[in-house]
Amino acid sequence: MVRPDLALELLIFRAGETRFGLDAAQIAEVVSLDEVEIARDGGDGGPRVRRGGAEVPVVGLGSMAWERARAQSRSAKLVLPKSTPPAAGFVIGDPDEMVRVEADRIEPLPPLIRDMVRGSGMWAAARCEGGLVILIDLAEAAQGAFRR
Amino acid sequence: MDENRQAIEASIEGRQRDAPETTGEDELVQLVIVTLAGRLYAFYGTAVIAIAKVRDIVPIPGTPDYIPGVMYHQGRVESVIDIGRIMGLAEATRALDRKSRVVIAVSGEVYSGVLVDAVEDVVDLPRSGIYAPLETIAPEIREFVAGETQYQERSTVVLDLAKVFDRVLERGDGAA
């Protein structure tokens, strides 16, 4: 039985036809990409931004690639998780909204999919107004990105 | 006589010999008859949990092209697999329309939606009405075939969904 008091505040963004949700409790800040200092624009080790005196590696979420994010730097956002310094920054398209989703509206990803996306941080789907939202765990996404 | 014809005749002969007279005591098997790329196929009814209209399939990045995505159905999020693509059917990429369906199926612990062009019928027929598949069956689908039968006088390939799911698990592991 799912505890009725369990819920997530989700930051929803869209990538292609898919809507994704990030747990707001994992997020320290969301900034426009054109407001951050780019420390390295690709190459070995991937792109990095400078934040809080440290170089933070950047990972695309959903289907958002760094090159595309750079091309759309006004609308692309950088999501920095709560860790000091952040383990990674994640680039996303424009966020759509913040929504609260109770745990009983969250379903695990089906077994066939779970194995295929292991390490991506995608772990569940939430039933929200407008359809399913795929939930991404930022800590797992960061670990997975650097293992690959 | 050419090899294809020999194979066909041998297979037909075997099929006729293997097919016993249907009696009232013959065990009935339920089949779900579907269309894929213009041909008839069937799934065993025991593997089918539900048949759903296609709505809001959400693509999941990092999955292979034979996984269109996930879909919500009756309290669960189901994966949807494009069985036509898995079997390499050339015409399997046609657009979804109002006849398209997702057959929710289970095999052991694995369950998934299976995208088909249409569900034609659900029928009960004697087990003896399912024959060994013809030797000439297309090689790319042979590994998924459980048998053949006739539906409305049309040859209908009976597919083993467990083998389809096995293939997906085999190919898909770590695809992200």
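Select chain B to begin, where four helices and ten strands are found, helices being DSSP runs of H or I with at least four residues and strands runs of E with at least two, numbered from the N terminus. This is a predicted model, in which local features need pLDDT of at least 70, side-chain atom pairs count only at pLDDT 80 or more, and totals for chains, interfaces and linings use all residues. Residues are numbered from 1 along each chain as its sequence is written, while chains are lettered from A and ligands numbered from 1 in the order in which they are written.

Following chain B along its sequence, you meet the pattern α-β-β-β-β-β-α-β-β-β-α-β-β-α.

Next, select strands 3, 6, 7, 5 and 4 of chain B, which in that order form an open sheet with mixed pairing; two strands pair if DSSP finds at least two bridges between them. At its edges lie strand 3 (48-53) and strand 4 (69-73) of chain B, each of which pairs on one side only.

Within this sheet, highlight residues 101-107 and 110-116 of chain B, which are strand 6 and strand 7, paired in the antiparallel sense over seven bridges. Here B:Ser107 has B:Val110 in strand 7 as its bridge partner.

Now show both chains: the contact (C-beta atoms, placed from the backbone, within 7 Å) takes 23 residues from chain A and 22 residues from chain B. On the side of chain A that touches chain B, helix 2 (111-116), strand 11 (122-128) and strand 12 (131-136) of chain A each give two or more residues, and helix 2 of chain A provides the largest share, five residues.

Definitions and conventions. Two residues are in contact if their C-beta atoms, placed from the backbone, lie within 7 Å.
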